[in-house]
Amino acid sequence: MTDTLLPRGAAEPAPDRCFFRKGCNPLAETGRSKLQNQRAILNQQILKAVRLRAGAENLLRVTTNNKVREQVLLELSFVNSDLQILKEELEGLNISVEVYQNAEEAFSIPLIPLGLKETKEVDFTIPLKDFILEHYSEDSSEYEDEIADLMDLRQACRTPSRDEAGIEMLISYFNQLGFIENRFFPPTRYMGILFTWYDSFTGVPVCQQNLLLEKASILFNIGALYTQIGTRCNRQTQSGLENAVDAFQRAAGILNYLKETFTHTPSYDMSPAMLSVLAKMMLAQAQECVFEQISLPGIRNEFFTLVKMAQEVAKVGEVYMLVDTAMNQAPVKENIPYSWSKLAQIKSDHYKALAHYFVATILSDHKLRSTDDEDQQEKIWSQLYDHMPEGLTILTILKDKVQRKQLGKAHLRKAIVYHEEALRACGLCRKLRNIDILQEILTVAHKRSLLKYAQQEQEDDFLSLIQAPDILPKTEHKVDMVSPQLSKVKVKDFFHRLGPLSVFSAKQRWTAPRTICFHCEDGKLGFTLRGGAPVQVHSLDPICSAASLGLKEGDYIISVEGMDCKWLGVNEVLEKLKSKGEQDTEIQVISCQDTTASMHNKSATYSVGMQKTYSLICLAMEEDKIDHSKKTTTSKVPFLSWGTKNRQKAASTLCLPSAIAGSSQTKKLTSPFTLLNTENLLY
């Protein structure tokens, strides 16, 4: 349930104020909220364990007492075991797919959704109020409502509703972050606001003083929410399957956009390799829903229909095979849930088996009759196989009853092999064994193929040496990524009262506002105005009254007689100035200052067209000592280390302190919790 969240102090929606939707009630006892709460608890436990390990490693590094070293090594073994157990529990949450499925009873293989990334609360109040006072020279207390609205919107985004309203709210916050970045995050320094997000797969926290981590994480959650919407759709109706296909395509588009825009994120779940695999998985699930959509009205036992269905389902098996292959490549293999990889393998085998079953049905149930179009069937068979079995031709298959029957039995044998492999893979994964509907679907399909095979004559089996060829995958409904259209969600800048963003941004610097009280001489101002809002002083007469009182060429007029005019154009400001006649007129002006300083070029998170920034994995930072930690960060061993090779490439390396200082050996990365030295790459 989502409710309208009005601006603070407003009884009804004010026409000139922003309002948005609340997130779901975080205390609601729904299956999804329980999973997210469990995820948050696990994230805190992982953070505590990683802090313990970091402290033990530091002690091991500095101690020379052998007895202490033995005790520390023993403690490290316990902590590493605890981390592995916590990781397995987090993986269990990631495979809890039944919670996200549609509530209606359905005989469908479950789909995989992504869990939302968890984050800590952020207090924007003090940093933004200080910046408004220092940079914009305005009374920051007048912007408390806007800051509170921003914090409320961020808080709501932690628990978005699983529908289009939730998507719209996340996109609204993402677009609002664009305004915030330009308003309050200068390229020359940090704001001191720490954004902390937890890895969706490992639970390891990532903390940065830059808004790019916040924007990347919100994009990830938009994609994750689309996957949850897709799994929630009713797959027993055409409209539900259409919505599911659309949701998975949009999820793939968001994840691909994140991969291409934020190229060096310090989080495993947002690494380019992981995002590429996740996008492929979403497209595979969309293709699966397309097949279900085609087969929903029922599959007629008719030649051309069965050929089409065989190639369609072969396409589903092919895309899942590619997903399974990608999931078993380093470095994704070490971080992707094992049950996800097994489910992709199971679906690949299951749908390949269905393809062979359909072809076997064609061969056993349909014979070439005198009324059939022989040329058309010959063309269809030539497009069905990548190669013909040895000793067989298409005409032989069409006209020879014995050869046709033997080839059909070969396809059934291959279907049975694939079914048995799917059941075996399902039995190897404890999480998947507990999904009853998956076991039931695989078992029913296997028994159907066995029954079909048993109906064939058996006496000549020992003479059959035909091997069933692979079926060429083909689809008339190929799915593609849907590029995100984030700009379609229109938002109003919370801080629009500061003035037009093209002028009043964090990149620009001005003098403090100057008050000038001048009068017109002979009905002339002594200057003209130009530009849009705000207007600039142009063609200033150096001997006019305003110039003698300090007005300069190029000054921006921000108020006239105490009335804010940052958003007024030339005609409106001139009208106000001339309305005073010969009386003294009071205006406030500011002068723009040149800024040439720039940030350091090293980058841990980079967005196209945005400033490169550092990142930091805050594993040993106490929440109540943030200010103190900022002062002492340089004296600690950083968790984000820059190797020699990476310095040359300006890429990022995520490293935890190694167990023994000065170790020259490079250890293989085996898990997100494995100790890394400065030369180990994250991706």
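Glu-214 and Arg-154 form a salt bridge in which the closest N and O atoms are 2.6 Å apart; a salt bridge here is a side-chain nitrogen of Lys or Arg within 4 Å of a carboxyl oxygen of Asp or Glu. This pair links distant parts of the chain, with Glu-214 in helix α6 (residues 211–232) and Arg-154 in helix α4, 60 residues apart. Helices (H or I, at least four residues) and strands (E, at least two) are DSSP runs, numbered from the N terminus. Both Glu-214 and Arg-154 are buried, where buried means under 20% relative accessible area, exposed over 50%, and partly exposed in between (1.4 Å probe, protein chains only).

The model is predicted, so local features need pLDDT of at least 70 and side-chain atom pairs count only at pLDDT 80 or more, while totals for chains, interfaces and linings use all residues. Residues are numbered from 1 along each chain as its sequence is written, and side-chain values use heavy atoms, with hydrogens and water left out.

Turning to the other salt bridges, the count comes to 19. One of them joins the side chains of Asp-493 and Arg-183, at 2.7 Å from N to O. Asp-493 sits in the loop between α15 (436–454) and β5 (509–510), and Arg-183 belongs to helix α5 (residues 164–184), so this bridge ties together parts that are 310 residues apart in sequence. Asp-493 is buried, its relative accessible area being 6%, and Arg-183 is buried as well, at 1%.

Another salt bridge is formed by Arg-514 and Asp-555, whose closest N and O atoms are 2.5 Å apart. Here, too, distant parts of the chain are linked: Arg-514 is in strand β6 (residues 514–518) and Asp-555 in the loop between α16 and β9 (556–560), 41 residues apart. The two partners sit in contrasting surroundings, since Arg-514 is partly exposed at 21% relative accessibility, whereas Asp-555 is buried at 1%. Salt bridges also connect Glu-138, Asp-564 and Lys-566 in a network.

A further acidic residue, Asp-269, is found in the loop between α7 (238–261) and α8 (272–295). With a relative accessible area of 0%, Asp-269 is buried. Its side chain makes a polar contact of 2.8 Å with the side chain of Lys-117 and another, of 2.4 Å, with the side chain of Ser-267. A polar contact is a pair of N or O atoms within 3.5 Å; within protein, one must be able to donate a hydrogen and the other to accept it, and residues adjacent in sequence count only if both atoms are side-chain atoms. Leaving aside residues up to four places away in sequence, the residues that Asp-269 touches include Lys-117, Tyr-198, Asp-199, Ser-200, Phe-201 and Phe-220. Also among them are Met-274, Leu-275 and Leu-278, with contact meaning heavy atoms within 4.5 Å.

The backbone has some features worth pointing out. The peptide bond between Ala-330 and Pro-331 is cis, with omega near 0°. Pro-331 is placed in the loop between α9 (303–327) and α10 (338–365). A cis peptide bond also joins Ala-533 to Pro-534, with omega about -5°, and Pro-534 lies in the loop between β7 (528–530) and β8 (536–538).

Positive phi values appear at two serines. Ser-137, in the loop between α3 (125–135) and α4 (144–157), has phi near 55° and is partly exposed, with a relative accessible area of 34%. Ser-539, in the loop between β8 and α16 (545–548), has a phi of about 50° and is likewise partly exposed, at 44%.

Helix α10 follows the loop that holds Pro-331. The 28 residues of α10 should span 40 Å at 1.5 Å a residue, and its end C-alpha atoms are indeed 40 Å apart; the expected span of a helix is 1.5 Å times one less than its number of residues. Of these 28 residues, 25 are buried, so α10 is largely enclosed by the rest of the structure.

Finally, the cysteines can be considered. A disulfide is a pair of cysteine sulfur atoms within 2.5 Å, and by this rule the count comes to zero. For Cys-426, the closest cysteine sulfur is that of Cys-429, 7.6 Å away, which is too far for a bond. Cys-426 is buried, with a relative accessible area of 0%, while Cys-592 is partly exposed at 39%.
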